[in-house]
Amino acid sequence: HRDLHSFPTRRSSDLYRRLTEQEQRLFALLGQHPGTSFDPYQAAALGDIPLPEATRILDELVDVHLLREPAPDRYRFHDLVRGYARTITEPTDREAVTRLLDHYRYVTELADILLNPDTDGKPTDLTQPGPVPAISDRDTAIAWCETELGNLVAAVNHAAAHGWPTYAWQLVDKLHWFFRHRGHASDWIALSGVAARAADDPAGRAHILRQMANAYYYSHDHAASVAVLREALALYREAGDLWGEGATLSNIGNGYIEIDTTEAIRHYQEALAVRERSGDERGIAVTLGNLCIVYIHLERYAEALDHGRRALAMYERHGDLRGTAMAHGHLSNLYLRIDQPDQAQVHARREMELTRQAGDRLVEASAVDDLGLIHRHNGDYALAIKHHREALAMAREVGQLSLVDEIEGNLRATEQAQRER
């Protein structure tokens with residue numbers, strides 16, 4: 001009987017032999033790509049060749065039916081042809097995969113700079129490893145990450161399994177804000193686990209465990225988040241890393257807010273003490289803000305006001321626009337709870353002004369939603385609904401799914417209050 005499964009391989013071998021030496025080399029190296037599809041930039045990285053040359057060879061491989069082009073500038077193998085490509089060994093295969101990982105690391109670092117509101121980094125700080133796609137703003141960064149997510153998952157797993165542990169955890173680290181914006185919780189949790197197991201130093205492992213804890217937190221699995229953070233905390237303490245210890249204690253406090261507020265406060269206070277010892281003033285301001293939130297929840301308003309004002313003063317002293325805006329947001333919520341809507345509105349408007357200066361659409365969406373809550377409190381339901389809807393559009397634009405859920409809940413509550421008045 002004819003071996004139908006071997007026919008595509010024999011056909012591929014015949015076609016391969018007709019290629020030029022350069023085309024054969026890139027065909028073989030493309031077989032080492034850990035993902036399922038690729039673009040000309042990744043081909044250029046694997047082959048260490050100029051982008052126009054990579055594009056020419058890819059198009060030639062499509063013309064001779066060794067590749068498919070299911071979308072413009074997006075290429076993939078037929079499964080059996082891919083298997084054949086992987087049988088063609090090259091002495092420089094490992095160097096080629098390293099170049100591909102360098103490419104992914106650069107673009108994820110660039111995406112992180114564009115998506116991370118807390119970074120001081122600039123695209124010009126990075127050293128470009130070769131040709132890279134045009135990514136210049138939040139939208140193009142998110143679009144690239146969405147397109148490449150399957151490949152990035154494969155790249156992290158490949159790096160962890162084949163001796164590139166640092167690439168594995170660094171790629172996951174730089175995807176943090178993409179996951180924060182877009183969700184993909186199962187991928188985030190799985191990749192964090194792979195990267196944490198691969199991390200070749202305690203600090204890197206602890207850092208990635210905090211990432212995994214964030215993934216659980218944003219999936220509303222607070223118990224799992226706290227459990228992972230305790231593992232990270234032990235590593236930071238073993239390494240004598242006060243910054244990491246303080247940050248992790250504060251994160252544990254966040255996890256406990258939905259479980260046990262007494263434990264949340266205890267961990268925040270412990271974080272505050274550690275951060276004061278290390279001189280981490282921004283961290284101190286963050287923890288003061290967290291304590292303000294939990295004291296509002298517990299109706300301990302005098303303590304909430306004290307911690308909120310201290311956080312605000314510290315953020316202002318450091319010129320931290322985003323932090324200052326968030327502190328105004330905490331105080332706005334507090335004044336609304338104690339029936340001082342005029343003061344609440346002053347802080348909410350200041351929060352909105354600062355987020356616009358900082359260009360932070362995420363916190364701006366929260367500020368606009370806060371104004372909606374104030375208008376609802378004042379009985380102006382039409383204006384409240386207008387602000388909720390504006391905030392919801394911003395949150396959806398940014399792609400912050402947990403904030404979308406929160407604003408949708410506030411909008412429903414305001415619409416219900418309007419019907420019941």
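## Helix packing in a predicted model

In this predicted model, helix α6 passes helix α7 in a left-handed crossing. On the α6 side the contact is formed by Val 97, Leu 101, Tyr 104, Val 107, Thr 108, Ala 111, Leu 114 and Leu 115, while α7 contributes Arg 138, Ala 141, Ile 142, Trp 144, Cys 145, Glu 148, Asn 151, Leu 152, Ala 155, His 158 and Ala 159. Sorted by class, the residues in this contact of α6 with α7 are 14 nonpolar, 3 polar and 2 charged. The axes of α6, which covers residues 93–115, and of α7, which covers residues 138–161, come within 10 Å and cross at roughly 140 degrees. Because an angle has to be over 145 degrees to count as roughly antiparallel, α6 is classed as oblique to α7.

Helix α7 also holds Leu 149, which counts as buried because its relative accessibility is 7%, against a cut-off of under 20%. Beyond its neighbours within four places in sequence, Leu 149 is in contact with Phe 178, Phe 179, His 184 and Asp 187. One of these partners, His 184, lies 35 residues from Leu 149 in sequence, yet the two are 9.5 Å apart in space when taken from C-alpha to C-alpha.

Further along the chain is helix α12, residues 222–239, whose 18 residues should span 26 Å at 1.5 Å a residue, and the distance of 26 Å between its end C-alpha atoms agrees with this. The buried residues of α12 are His 222, Ala 224, Ser 225, Val 226, Val 228, Leu 229, Ala 232, Leu 233, Leu 235 and Tyr 236. As background to such a list, an α-helix has 3.6 residues a turn, so residues three or four places apart point the same way. The cover over the buried residues of α12 includes α11 (202–218) and α13 (242–256). Just after α12, Gly 240 adopts a positive phi of about 70 degrees.

A second helix pair is formed by α17 (residues 321–337) and α18 (residues 341–358), whose axes come within 8 Å and cross at roughly 160 degrees. That angle makes α17 roughly antiparallel to α18, and the crossing of α17 and α18 is left-handed. The contact draws on Leu 321, Thr 324, Ala 325, His 328, Gly 329, Leu 331, Ser 332, Tyr 335 and Leu 336 of α17, together with α18 residues including Pro 341, Ala 344, His 347, Arg 350, Glu 351 and Leu 354. By class, the contact of α17 with α18 divides into 10 nonpolar, 8 polar and 2 charged residues.

Methods
Residues are numbered from 1 along each chain as its sequence is written. This is a predicted model: local features need pLDDT of at least 70, side-chain atom pairs count only at pLDDT 80 or more; totals for chains, interfaces and linings use all residues. Side-chain values use heavy atoms; hydrogens and water are left out. Axes are lines fitted to C-alpha atoms, for helices over the stretch in contact, and angles run from 0 to 180 degrees between N-to-C directions. Helices (H or I, at least four residues) and strands (E, at least two) are DSSP runs, numbered from the N terminus. Angles under 35 degrees count as roughly parallel, over 145 as roughly antiparallel, 65 to 115 as roughly perpendicular and the rest as oblique. A crossing is left-handed if the near helix is turned anticlockwise from the far one by less than a right angle, and right-handed if clockwise. Contact means heavy atoms within 4.5 Å. Ala, Val, Leu, Ile, Met, Phe, Trp, Tyr, Cys and Pro count as nonpolar, Asp, Glu, Lys and Arg as charged, and the others, Gly among them, as polar. The expected span of a helix is 1.5 Å times one less than its number of residues. Buried means under 20% relative accessible area, exposed over 50%, partly exposed in between (1.4 Å probe, protein chains only).
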